[in-house]
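Student: Please take one part of this model and look at it closely: the nonpolar core and what is built around it. I would like one connected account.

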Amino acid sequence: MKTQITTRDIVLEFIHALNAEDFKTAKQWLNDTFTFAGPMGVRAGADVYMTDMEKMKLKYTVEQTFEEGNDVCVIYAIDMGGKTITASGLYHLENSKLSSLRVFFDPRPLL
């Protein structure tokens, strides 16, 4: 019987909340100083990031996860309003909350 939530569990709960458009729950998994960096830009602060997520309403299909210490790598297909992009997200956690996310993908299909 599993009794302790893992870093992988936290990341997957966050992604599940985003997919369900439950942005209030998703934000609860973020540190206030959460940072995002990806091919299309950077964001600083949980509020700024979540405002963007509410507008974009991305949908994630998780294909694989890898966990090492406080880091979780997720390979997923992201539906970006009709275009699906294969991407990798590297999530870092501190104090059982997400503190940063770096996303890697080829942005050319979106341009």
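Tutor: The largest nonpolar core has 29 residues, and Phe14, Tyr49, Met50, Tyr60, Tyr76 and Tyr91 touch the most other members. A nonpolar core is a set of buried Ala, Val, Leu, Ile, Met, Phe, Trp, Tyr and Cys residues joined through side-chain atoms within 4.5 Å. Buried means under 20% relative accessible area, exposed means over 50%, and partly exposed lies in between (1.4 Å probe, protein chains only). The model is predicted, so local features need pLDDT of at least 70 and side-chain atom pairs count only at pLDDT 80 or more, while totals for chains, interfaces and linings use all residues. Residues are numbered from 1 along each chain as its sequence is written, and side-chain values use heavy atoms, with hydrogens and water left out.

At least two residues of this core come from each of helix 1, helix 2, strand 1, helix 3, strand 4, strand 5 and strand 6. Helices (H or I, at least four residues) and strands (E, at least two) are DSSP runs, numbered from the N terminus. Helix 1 gives the largest share, 6 residues.

Now the sheet. Its 6 strands form an open sheet in the order 2-1-6-5-4-3, with mixed pairing. Two strands pair if DSSP finds at least two bridges between them. Strand 2 (41–44) and strand 3 are the edge strands, each pairing on one side only. On average, neighbouring strands are turned by 20 degrees against each other, direction ignored. Helix 1 packs on this sheet and touches strand 1 (30–38), strand 3, strand 4, strand 5 and strand 6; its direction makes about 170 degrees with that of strand 3. Such angles run from 0 to 180 degrees between N-to-C directions, with axes fitted as lines to C-alpha atoms, for helices over the stretch in contact. Helix 3 (residues 46–56) also packs on the sheet, touching strand 1, strand 2, strand 3 and strand 6, and its direction makes about 60 degrees with that of strand 1.

In helix 3, Ala46, Tyr49, Met50, Asp52 and Met53 are buried. Seen down the helix axis, these buried residues line one face, because they fall within an arc of 155 degrees; the arc is that of the directions from the axis to the C-beta atoms. Asp47 and Lys55 are exposed on the face turned away from the buried side. The buried residues of helix 3 pack against helix 1, helix 2 (23–28), strand 1, strand 2, strand 3 and strand 6. Methionine 50 is in contact (heavy atoms within 4.5 Å) with Phe14, Leu18, Phe23, Ala26, Lys27 and Leu30, leaving aside neighbours within four places in sequence. After helix 3 comes lysine 57, with a positive phi near 50 degrees.

Further along the chain, strand 3 (residues 59–68) and strand 4 (residues 71–79) pair antiparallel over 9 bridges. Valine 62 has tyrosine 76 in strand 4 as its bridge partner. The two strands form a hairpin with 2 residues between them, and glycine 69 in the turn has a positive phi of about 60 degrees. Strand 4 is also joined to strand 5 (residues 84–94) by 9 bridges, again antiparallel. There, cysteine 73 stands opposite leucine 90 of strand 5.
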